[in-house]
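The questions below ask how certain words come to be used for a model, and each answer sets a value beside the rule for the word. Please look at the structure first, and then follow the turns one by one.

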Amino acid sequence: MTSTYVPGLEGIIGAQTAISMVDGANGRLVYQGYVIADLAEQMSFEEVAFLLWKGQLPARAELDSLALELAGSRTLTPAATKALEALPGDTDPMDVLRSVVSVQGVEHRLSRPSVPLAIHATGSFPTILAMFHRRRQGLEPVKPRSDLGHAANYLYMLNGTESSPALIRALNTYLVLLADHGMNASTFTARVIASTESDLTSCLVGAVGALKGPAHGGAPSAVIEQLEQIGTAENAERWMREARKRKVKFMGFGHRIYRVYDPRAKILKEMCRQMNPSFYDLASKVEEVALQILHEEHPERPQSTNVEFYSAGVLQAIGLPKEFFSPTFAVSRVAGWSAHVLEQAANNRIIRPQSEYIGPEPRKPVPLANRG
Amino acid sequence: MAEFSPGLEGVVAAETAVSEVDGANGRLIYRGGYLIEDLVPVAGYEEIAHLLWHGELPNENELDTLRQQMAAARTLNQSARGALMAMDGQIDPMDVLRTVVSAQGASKSLTKPSLAEAIALTAVFPTIVGSAYRRRQGKDMVEPRADLGHAANLLWMMEGKEPDLQKVHLVDSYLVLLADHGLNASTFAARVVASTGSDLTSCVVGAIAALKGPAHGGATFAARTMLDKIGSADNAEKWLTEAHGRHERFSGFGHRVYRTYDPRAKILREMAKTASPELHKTAARTEEVALKILHDAHPERPNATNVDFWASVVLTGAGIPKELFTCVFAISRVAGWTAHVLESLSDLRIIRPASRWTGPEPGKKPLQLAKR
């Protein structure tokens, strides 16, 4: 039996999952039963990764052993280091991540996805990005520190100095907030790849490739760029109304699932207000105008601010260059991707949908010499 | 909301004119409306790639142009060479392909998938696979040759000697047969990645990652491995009966879509007779016995021989070692992957299905670490 074609598979169930649920009607994001607001500012990224992989929050001993395993995964293999060094310094960091994650995970024989492999991959993402960031600036790489948590070590390897507890906490909250989000396109890519019984690295490399797309993870830097064009809060309304006449898209608005304010955006907005006042002043005005204009155009649509809009301000306050916004999204989401791969592998059926043929009726080919 | 169909079986996920698998009638239709059995005698791989990309078979001028473009794009860039040389020679060749394609396509800024990129990517696959194979044997890589066609250049890059014309013909026919096949898992992965607005390399890397799985591209290797275990025609009945008793799956049998004999398998079965006469004997007897056992066990199932079974015999006859089977599959399918990505650009909509929540009731409160 074949169903009718639904573009983008909107509303079609692509998988069953117990990892996260996006309750769009009520504006709730749920990880393994916990509402995101209850996790965001209380849990470390490590605790949330454990939750996504194992279905429950870790006890102290479990958390300690996870921290140790993650710290042990922060060094790149010689092959990954060499491959990273072979890439030009002006390469898109998402392409660097895609390529170096691929080398870091090469294997002699096919292995089944496992929690240790998930930990291993998750531990390596910040190292890849930090090493590349240092290289772009002509600086020596910084060796990872095993006494630091995941967020703290990432900042340490980027900057070569320890960051303030406030910045570490902010990055940690960002990583917790973005760690999973239902059947988004990159997670779905990872599950499609997992469904062929491929290895975990293959799934993650595919997911990085999907996250790179501007319609998915590639937009937070575009938010900054648009805000830079707008310039000042006073200029917002005029700029945006003119931009709209030229069909310019407002960056950081709209989501397929949420019908109310994205719960992550709410938390990030408050963080922006505290950490990045100049961004907040401009962004909150732009948000107000954007929502007003979008509502005037389509009063029937629940156009609300998405997670990328205020993510941009938080990541900027943390000191990340805008080319590292999308890759840092991946630093977080790799926990969710790998959890989904494990879940898919545990109860697998190859994901092979149907297509509807819209080409011509069968006909005979003409030999080369007789073609016009 | 619709029912969940595991594996999205029967769910239409795209409209396409690139190819159509008519499972009920055992027909594979390539773009333009051509049946696969009509194309094999009149068109080589480059013509098929042109067909899948443009919708029409090339005339002589167009074919010459395409051949020149492909020949010019066979060289690895510095990033790709660096990644290739960084990995030890015994790495799974599919991991080498995944990594080196990613590095070759690493770029400064996001580019929209284009035909020129599709041609360049397709052209470079044999260089990567041939070099991986030579490194595996401890040999230096050879440079690609612009005077050779696609299939011949692959054999040249593997063997470093003038390729045998009969083998070139076998490889070329195989490449024609496998170049596209509806919305299989790797093509679907490519389309999901493309749907986010990502670049062509990311789509193709995701597709390679999916093809690696034993339930997809790895099946040709599995079929050959089974034939190796069976060893001879005389041993087929005993081996298969025992394997069936142990509930082992027979590699090379069964397909989700075909309800009759796979038209590609039919062509390959015929080619196998002369391509590899010894292995053909074992395979023919194996097929006979396997189909009987499967029919006796499940008379209601249309358990037909699939393309992987006979492809393994033909590729063996062409001198391709079995550890490269999946890579050679990729060398063919990249034309289809890229054609699908280019097609999807005309109406890009992010592929983001829904999921069904199977986790605990949302809203439970997390315990503090000390209390867990």
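Q: Where in chain A is Lys247(A) found?
A: Lys247(A) is found in the loop between helices α12 (233-245) and α13 (263-275) of chain A, where helices (H or I, at least four residues) and strands (E, at least two) are DSSP runs numbered from the N terminus. The model is a predicted one, in which local features need pLDDT of at least 70 and side-chain atom pairs count only at pLDDT 80 or more, while totals for chains, interfaces and linings use all residues. Residues are numbered from 1 along each chain as its sequence is written, and chains are lettered from A and ligands numbered from 1 in the order in which they are written.

Q: What makes Lys247(A) count as exposed?
A: A residue is buried if 20 or more other C-beta atoms, placed from the backbone, lie within 10 Å of its own, exposed if 12 or fewer, and partly exposed in between. Lys247(A) has 6 C-beta neighbours inside 10 Å, and therefore it counts as exposed. Its phi is positive, about 65 degrees, although Lys247(A) is not a glycine.

Q: Is Leu9(A) buried or exposed, and how do you know?
A: Leu9(A) has 26 C-beta neighbours inside 10 Å and therefore counts as buried. Leu9(A) belongs to the segment before β1 of chain A, and its phi, near 55 degrees, is a positive value in a residue other than glycine.

Q: Why is Glu162(B) called exposed?
A: Glu162(B) has 11 other C-beta atoms within 10 Å, so it is exposed. Glu162(B) is found in the loop between α7 (150-159) and α8 (165-178) of chain B.

Q: What makes β2, β3 and β4 of chain A an open sheet, and which strands stand at its edges?
A: Two strands pair if DSSP finds at least two bridges between them. Four bridges join β2(A) to β3(A), which run antiparallel, and β3 (residues 28-31) and β4(A) pair in the antiparallel sense over two bridges. The three strands form an open sheet in the order β2-β3-β4; β2 (20-23) and β4 (34-35) stand at the edges with a single partner strand each, so one side of each is left without a neighbour in the sheet.

Q: Which residues stand opposite one another in these pairs of strands?
A: Ser20(A) stands opposite Tyr31(A) in β3(A), and the bridge partner of Tyr31(A) in β4(A) is Tyr34(A). In the hairpin of β2(A) and β3(A) four residues lie between the strands, and Gly27(A) in that turn has a positive phi of about 65 degrees. In the hairpin of β3(A) and β4(A) two residues lie between the strands, with Gln32(A) in the turn at a positive phi of about 45 degrees.

Q: How do you know that chain B touches chain A?
A: Two residues are in contact if their C-beta atoms, placed from the backbone, lie within 7 Å, and 94 residues of chain B are in contact with 100 residues of chain A. On this side of chain B, the largest share, six residues, comes from helix α10 (residues 200-211). Strands also join the two chains, since four bridges link β1 (residues 13-17) of chain A to β5 (residues 354-357) of chain B, which run parallel, and Thr17(A) stands opposite Trp357(B).

Q: Why is α10(B) called largely enclosed by the rest of the structure?
A: Twelve of its twelve residues are buried, so α10(B) is largely enclosed by the rest of the structure; among them are Leu200(B), Val204(B) and Leu211(B). The helix reaches 16 Å from its first C-alpha to its last, close to the 16 Å expected at 1.5 Å a residue, the expected span being 1.5 Å times one less than the number of residues.

Q: What makes domain 1 and domain 2 of chain A neighbours in contact?
A: The bounds come from an automatic or database domain assignment, which divides chain A into domain 1 (20-212 + 330-346) and domain 2 (220-317). Between them, 13 residues of domain 1 are in contact with 16 residues of domain 2, and α8(A) gives the most to the domain 1 side, with four residues. The C-alpha centres of the two domains lie 27 Å apart.
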